[in-house]
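This report moves from the chain as a whole to one open sheet and then to a single loop residue beside that sheet.

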Amino acid sequence: MVENTGAPAPAPVVPAAADVKGATNAGMTDAGARSAASDARVRLGEERYFQPEIERISAEELQELQLERLQQTVANCYTNIPFYTEALDAVGVKPEDIKTRADLQRLPFTTKQDMRDAYPFGLFAIDVHDRVQRLHASSGTTGNATVCGYTQHDIDVWGDCFARAIAQVGGSSESILQVSYGYGLFTGGLGAHEGGIRMGSTILPMSSGNTKRQVQMMHDFGVDILACTPSYALLIADTAIELGFNPARDFKISGAILGAEPCSESMRREIERKLGVTVVDIYGLSEVMGPGVSCECRYQDGLHVAEDHFIIEVIDPETLEPVPDGQWGEVVFTTLTKECSPLLRYRTRDISRIIVGSCACGRTLRRMDRISGRTDDMLIIRGVNVFPSQFQQVVSSFSEVTSYYQIILSRKQQMDQVTLKVETIPEFDFDEIKKIEDLQHRITAELKSNLQVSVEVKVVEPKSIERSEGKARRVIDLRDQ
Ligand code: DLL
């Protein structure tokens with residue numbers, strides 16, 4: 001049975017929770033999917049849930065469920081993927097050796113390079129001509145693309161995860177969901193779309209681009225939930241305002257599910273204010289599934305991980321040992337229900353931590369913090385290690401500039417040069433040279449004291465930095481050209 005989590009006493013009663021294993025949608029028929037969709041209307045007090053029986057599962061039940069699924073996953077990997085047969089043999093682990101959740105630690109890690117080396121289908125547990133319904137791939141700009149396959153079951157699970165996010169931001173089967181993530185090999189568009197299907201919402205499959213049309217339809221169709229990247233949400237908001245709308249007042253929109261890239265707290269608040277919405281941060285990566293691996297609830301205090309489908313670990317990237325809850329490290333995921341592309345201990349390179357304690361929303365699924373950076377996006381500038389998120393923090397502390405910025409790295413006489421381009425808000429008097437110089441000085445000083453490197457700051461006019469319809473390109477490295 002579902003355990004009360006100590007959250008405020010729920011008003012209406014949760015429908016009798018089925019036995020936990022039956023309650024998840026994994027392997028459900030269409031009829032099952034429809035009844036799950038009706039769960040979306042489940043409200044406990046102020047909170048909406050898509051699958052309350054899972055989202056409020058007790059720690060003991062979750063342990064049991066994860067162990068059973070881990071055993072199935074290891075068996076699937078060992079039997080059907082030669083890469084894993086070899087890797088597990090190398091560490092002397094057979095599927096039957098997985099007897100407790102702690103045995104997870106005995107499994108080998110999987111890296112992005114392993115996935116690249118297996119290009120295209122080397123890590124599939126199912127023949128691509130068999131039950132594989134769809135392929136997604138992440139960009140191959142720095143090597144082979146990583147390719148993942150999805151059976152219908154994999155797609156249904158994905159839809160469930162995203163549908164939880166829709167409920168978490170207050171959406172339901174009555175919602176009109178505008179999907180403005182790109183559709184295609186990128187998992188954003190179709191992942192959100194599947195969530196809308198599982199939830200039973202009305203989907204507006206806009207994809208990205210044609211921003212004026214996005215705004216017009218959002219207004220005319222009475223869209224209440226938007227899904228896209230934070231930078232695109234900001235562009236949509238600014239475009240709406242330029243077109244003379246006041247979305248916070250004139251639009252029906254109330255929630256936005258934004259992810260795929262980092263978003264500072266000040267940028268989140270700006271989007272919330274301009275659109276009149278609650279923004280929840282959604283996380284995921286193509287290799288593990290796509291959007292919905294974790295997502296914030298409306299308390300915006302960490303992202304609840306879909307722990308019935310993924311085991312999260314946080315490790316020290318140097319020693320590869322797990323770090324205690326609450327400590328920052330590299331996030332590692334093991335998939336528990338994927339049929340086609342299961343992964344054992346996949347090293348994401350994303351930096352986060354487990355948030356300790358219970359969440360006011362009543363969900364028991366543990367939370368990870370927002371991604372603070374990546375182990376591989378560290379910039380080494382004249383020998384000093386700097387993360388782009390540190391620039392973001394400084395930029396967001398100045399009210400005279402917007403959330404649009406760009407970091408440009410170049411080399412002059414063998415020396416690294418860093419330029420930060422920031423854009424002033426429209427109200428800033430750009431004609432007053434003295435004011436611009438003063439602002440530049442203040443930002444430069446703040447960067448120097450925070451980053452310990454000298455940065456040339458260029459304050460530029462509103463709208464002169466390139467806008468993004470997908471993931472924003474914040475760092476331009478011209479050093480090796
Ligand atoms: O970005 C999947 C996704 C689509 C997530 C839509 C959320 C919404 P990839 O293109 O494979 O997949 O990129 C994955 O993007 O390892 C993180 O570094 C970054 N990322 C994803 N979500 C967030 C987030 C999708 N909420 C990579 N905050 C990940 C910060 C994020 N970074």
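In this predicted model, 66% of the contacts in the chain between residues at least 6 apart in sequence join residues that are at least 24 apart. The chain holds 14 helices and 23 strands, and buried residues account for 56% of its 481 residues. About 20,500 Å² of the chain is exposed, and carbon and sulfur atoms supply 50% of that area.

One sheet can be followed strand by strand. It is an open sheet of 4 strands, in the order E12-E13-E14-E17, with antiparallel pairing. Strand E12 and strand E17 stand at its edges, and because each has a single partner strand, one side of each is left without a neighbour in the sheet. Strand E14 pairs with E17 in the antiparallel sense over 2 bridges, and Asp 350 has Arg 374 in E17 as its bridge partner.

The residue ranges of several strands are given below.

| Strand | Residues |
|---|---|
| E12 | 310–315 |
| E14 | 346–352 |
| E16 | 367–368 |
| E17 | 373–374 |

Ser 372 lies in the loop between strand E16 and E17. How is Ser 372 classed by its relative accessible area? Ser 372 is partly exposed, because its relative accessible area is 32%, a value between the 20% limit for buried and the 50% limit for exposed. Although Ser 372 and Asp 350 are 22 residues apart along the chain, their C-alpha atoms are separated by 7.7 Å. When neighbours within four places in sequence are left aside, Ser 372 is in contact with Trp 328, Ile 351 and Ser 389.

How values were computed. Residues are numbered from 1 along each chain as its sequence is written. This is a predicted model: local features need pLDDT of at least 70, side-chain atom pairs count only at pLDDT 80 or more; totals for chains, interfaces and linings use all residues. Side-chain values use heavy atoms; hydrogens and water are left out. Two strands pair if DSSP finds at least two bridges between them. Buried means under 20% relative accessible area, exposed over 50%, partly exposed in between (1.4 Å probe, protein chains only). Contact means heavy atoms within 4.5 Å. Accessible areas come from the Shrake-Rupley method with a 1.4 Å probe; for residues, only the protein chains shown count as cover.
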